[in-house]
Amino acid sequence: MAAPTPDPIAGVLDQSLHAVAALGGTLVDEANRIGTILWSPPRIVIVGRLKAGKSTLVNALLGAPVAETAALEATRVVAVYQDGAPSRAEVIDLTGARHQVPMVRGQVTELPVAADQVAYLHRWLPSAAIRDLTLIDTPGLATLTAENEAATRRVLIDGFEQTRTASVDADAAVFLFDSTPRADEVAFLKQLGFTPLNTLGVLSRADGFGEGALGRRDPLEHAAAHARTLANQLADTVATVIPISGLMAQTSRTGALTEADAAALHALARLRPLELVELLESEAPGPVDPDIRGRLLDLVGEYGLINGRALAQRGAATLNRWLVDRSGIAALQQILHTSLTQFAGLQRANRILGQFDQLAYTHPAREQIRAIAYQARIHPALRPVALFTDLHRMLDADPTSPLIGDLRRLLVGTTPAARLGLPPHAPAGQVQATAHAKLQAAHAQAMSTMTAAEDGALITVIAAYTDLAR
Amino acid sequence: MGGSVSPRDAPVPPAAAFVTSAGAVLRAYKHDGVADLAEQKLAPDRQVRSVVVVGEVKRGKSSLVNALVGQRDLVPVGVDVTSTISVSVTPQTPEFPAGRAHLLFPDRTREVDVGEIADWATVDGHHVRDPQIDSLPTRAIIPIAGSAMGKVTVVDTPGVGGLDPSLSHLVVASAQQACVVVIVCDASSTLTAPEMAFVKEAGASVDALIVAVTKTDKNIRRWKTIVNENKRLLREHLQREVTVLGVSSVRAVIAAGMAPGPAREHAEAMSGITALRTEIHARLAVAEQLPGLDAVRTTLEGLRSVQAQVAGEIAVIEGRGTSVPDLTAELERLRDLKAHSLEWEQYLARDLSMIRGKAVTDLERRLDDIRDSWTTRINKNGMEVLRRSPQKFTADMHSDLQLAMAGALAGFLQLLHDDIVAPRFSSEVIWSQVCDQILSELSDRRIETHQVGSKRQGLFDPSMLTMGVMGSSMIGGIIGLSTVIGVGAVVGTVWVGVNVGFRAMRSGKTNLLTWLRETIGTTKVATTRLLDQAMAQARPEIVLRYRESLRTSIAELQQQITTTKDTADADAAARTKTLTRLSNNAAIIDKKITEANALLADLTAARPASAAAPATPAGGL
């Protein structure tokens, strides 16, 4: 990853906030409040069906077994994980009041408020993994208990309408599913108001995919192939789909694996897969004690056990590296910290501009605030924010419009050629000519727009192509 | 796998042995009709035995079906594969050899390669996705050789639409059909609310229901806990024990691919598939006794009539029997009946038209129920849901209509038996002959109604309704009819093909509702016509049998009068000799009757016990 460069978007917004604060009165507090949003890391919500493996994934990402999958209460409420010391937790109830949560050895054991009164659990822990993003774990969708789904909807949908203090607005989403997401899950996801650029699909339990560890096809490779198919199918919902083995990732990232485990695993190396499975199912004595066998299963799962045995001879460190490598967690983290965070930043900037607008409605100094917001909006550094906002609007208004393709290309492309949909090494002349052509086409289209969203988007696109045509 | 399917097949079942030995007695007294009927009832293929695999989407139903029959790539499975229709895996027959599959379309059947089934019967199937196609199969049948389930048909139900509560009514045990339902659950979590509701729905038949927890190989650490937890949940909610078994379909098919021998048997046993097969066979074994029971009862009836006949003869010889004048008076009465048979026939006609009226009313009620429930369903779910899987809804509607028609015909036959034949004829043989005759006649018939909704050409398919009676050879492929098969449907069942318009599904709601109304109307007309055919067939059958029985009764009486006169003239020695012969015969018959009663007691007593415990000791010999 590149060295931390000052974010030009944040710079512009910060200047605007200072300008607002300079108007004095209550606006100083308001500017500070909005500033908190600006300077805290983007919030990434993890959405999926119950038992899709959300908490396991959170643990793997945090590098600590914090989201206890076994403790029921923790998975039944929304939990927000943020970098911070000391390690502590608070419950925010439905009225917005905060309650300290007693912790026993770093674990939440009991909630001070009844689960149905909890808005969310706020958890701080010192972790480099979440320094530049905040994770929000949700209870899970389409579950047996109506209560759980209400909790997820409250935070994600009603949260926008609720008082600002209690809302848990998210800037990006990680959407977890095994095999193929159901239609109702995709529909729910679309309601959440993210664009495909800041939504990441995760195919969980990749180590048990298809026929599983005993099948004819390696489940991880099978899952990878299936993830590519799904990414195409869900192109209008997610940026891409990444296969993950949550369990293998969790174990390797939380440092749970010991040399003794590696040795025990290797001791099982000579059994054939079916024999190994039979031994694992039984309480019979074997090369490894039954309770150690159980521990190994809990740590690395069926796939890890069957396929990690030979490698275990080389010790826990090698085995751990293999687990990291096979789990897919590195690829997930890479996307999480680059493109997802980048587009989450755009959504957050958009949210902040929305806050300016809201202030303009409620505050007497509305003319000045409006002027400040307008200046920020038209600043060239905020062009990506404008493109992103228009993409969002167009997806709502007319998801089949070809303009969406233009907006996506302009946002995702990292070079002028890529932004125009040209091959990476296209000559400068071609880039310029294409930009001109597209600019003219956009001008022509602007004569006959169908919706207000299209109107706005064309203005932004024309500005972007004008830049590129220079 | 050898021919031995269940431990029961090895020794000759006591019922069969009895029916054969008592049959000889019946035949000696010229009661061949009864003896034949009893043997027919024992015939192994007469009872259709099946196991239906049900469950929610993506639970591994199709994989379990493959594991049960022991053939890895038979029914299409895969992460992207969701079945849209029921697929029956049946043992091959000369008519339906292994290697080819049969697709049942509304108006025809089509033979395809087994490999092509996925194109026709899965959500992303090549033909299923084709918007141009007008008609898709509603069922598929795959005959196979060497099924690990023996002669039991294994039915895979569609994954589309989730767990269908109506399937719980399939669990049934009768002399005609035995069906076990296996509900497939996941080893990663306990029973879901719909699964629990399904088991509850099965009600009293829950004994023939097995819960299979699949994917144990992916949940080695948890599955045993889940199995026990499921047992506990079922006990809590139902206050009964339900069998819950863990199975790994992958391990089972890997094992099936191994060379025969102890290693394979061990691997199969460890996968859990052997225990599941054993449980299924044990449940079916309960019903296996029912045909025997039926056959023994028929034989007993025949024996009783022979007993009465012999007793009469003895009485005559002993000189304390009915006097010649009495017999002559009875003869006169019968001759009188014969003379007035026209009157009898008129009463018959009256009774027949009465039961026709009852049957038609019943049919109308059934069809109105279907119309109401589908109207509600269409209004409630909306077109989106229907359009997403038209094949599944077509098959559902198809089976609803089929059930209504089969139900109406079975009800008609039941009435024919109860109100017409039983009061007029004492013998069960007559009924079976009349019924066979009607059904065999109907099975050659085919009623076709063209052009449902022809007024709206372009919007509607020129739909066609076809129906008839299907021979028993295909019954194995049909599920859902078991609940309506009554006393009548012994050799076949009603088959109906409704070309449920896919185009109607695609067009708007109003059109679909109109189409539904018209289809129901046409079904009404067509079924009524079918009933009229059955009536037309039944009437001369019954009249002829009546005349025939009068004729034989008169001949018998005349014979008896002659014997009585002869005996009076015979000498004492000859009389003693005849008496001894008759007494010996009477003793043999009495012994057979005692044997039959003991056997019946034994077989009926074994039933409740075997329902609870899978390994029933074979009924006492």
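This is a short tour of a structure with a chain A and a chain B, moving from their interface to chain B and then to some salt bridges.

Hi everyone, and thanks for coming. Before we start, please keep in mind that this is a predicted model.

Let's begin where the two chains meet. How many residues does each chain bring to the contact? Chain A gives 25 residues, and chain B gives 23 residues. Together they bury an area of about 2100 Å², and 56% of that comes from carbon and sulfur atoms. If you want somewhere to look on the chain A side, try E278(A), E281(A) and E302(A). Those three supply 29% of the area that chain A buries against chain B, more than any other three residues.

Now for the polar side of the interface. Twelve residue pairs are in polar contact across it, with both residues at pLDDT 80 or more. Which helices of chain A take part in the side that touches chain B? Helix 7, covering 219-233, helix 10, covering 273-281, and helix 11, covering 290-308, each supply at least two residues to that side. Sorted by class, that side of chain A has seven nonpolar, ten polar and eight charged residues.

There are also four salt bridges between chain A and chain B. As an example to click on, the side chains of D298(A) and R221(B) form a salt bridge, with 2.9 Å from N to O.

Let's step over to chain B as a whole. Chain B has 16 helices and 13 strands. Of its 621 residues, 52% count as buried, and the chain exposes about 26600 Å², with 54% of that from carbon and sulfur atoms. Here is a number on how the chain folds back on itself: take the contacts in chain B between residues at least 6 apart in sequence, and 81% of them join residues at least 24 apart.

For a close-up, find T298(B), which sits in helix 9 of chain B, residues 273-317. Is T298(B) buried or exposed? T298(B) counts as buried because its relative accessibility is 2%. Setting aside neighbours within four places in sequence, T298(B) contacts V34(B), L37(B), A38(B), K41(B) and E428(B).

Last stop: salt bridges. Over all chains, the whole structure has 47 of them. Let me show you a few.

In chain A, the side chains of D218(A) and R326(A) pair up at 3.5 Å, N to O. D218(A) is in the loop between strand 10 (199-203) and helix 7, while R326(A) is in helix 12 (residues 316-327), so this pair ties together parts that are 108 residues apart in sequence. Both ends are partly exposed: D218(A) has 21% relative accessibility, and R326(A) has a relative accessible area of 26%.

Chain B offers a buried example. E268(B) and R277(B) form a salt bridge through their side chains at 3.5 Å, N to O. E268(B) is buried, at 7% relative accessibility, and R277(B) is buried too, with a relative accessible area of 7%.

Then there is D362(B) with R365(B), a salt bridge at 2.7 Å, N to O. They are three residues apart in helix 11 of chain B, residues 341-388, so about one helical turn separates them. D362(B) is buried at 18% relative accessibility, whereas R365(B) is partly exposed at 44%. And in the same spirit, R27(B), D32(B), D36(B) and E39(B) are joined into one network by salt bridges that share partners.

That's the tour, and I'm happy to rotate the model for anyone who wants another look.

How values were computed: Residues numbered from 1 in each chain as written. Chains lettered and ligands numbered in written order. Predicted model: local features only at pLDDT ≥ 70, side-chain atom pairs only at ≥ 80, totals over all residues. Heavy atoms only, no water. Contact = heavy atoms within 4.5 Å. Buried area = accessible area lost by both parts, 1.4 Å probe. Polar contact = N/O pair within 3.5 Å; in protein donor to acceptor, adjacent residues only side chain to side chain. Helix = DSSP H or I, 4+ residues; strand = E, 2+ residues; numbered from the N terminus. Nonpolar A, V, L, I, M, F, W, Y, C, P; charged D, E, K, R; others polar. Buried < 20%, exposed > 50% of the residue type's maximum accessible area, 1.4 Å probe, protein only. Areas by Shrake-Rupley, 256 points an atom, 1.4 Å probe, with all protein chains shown as cover.
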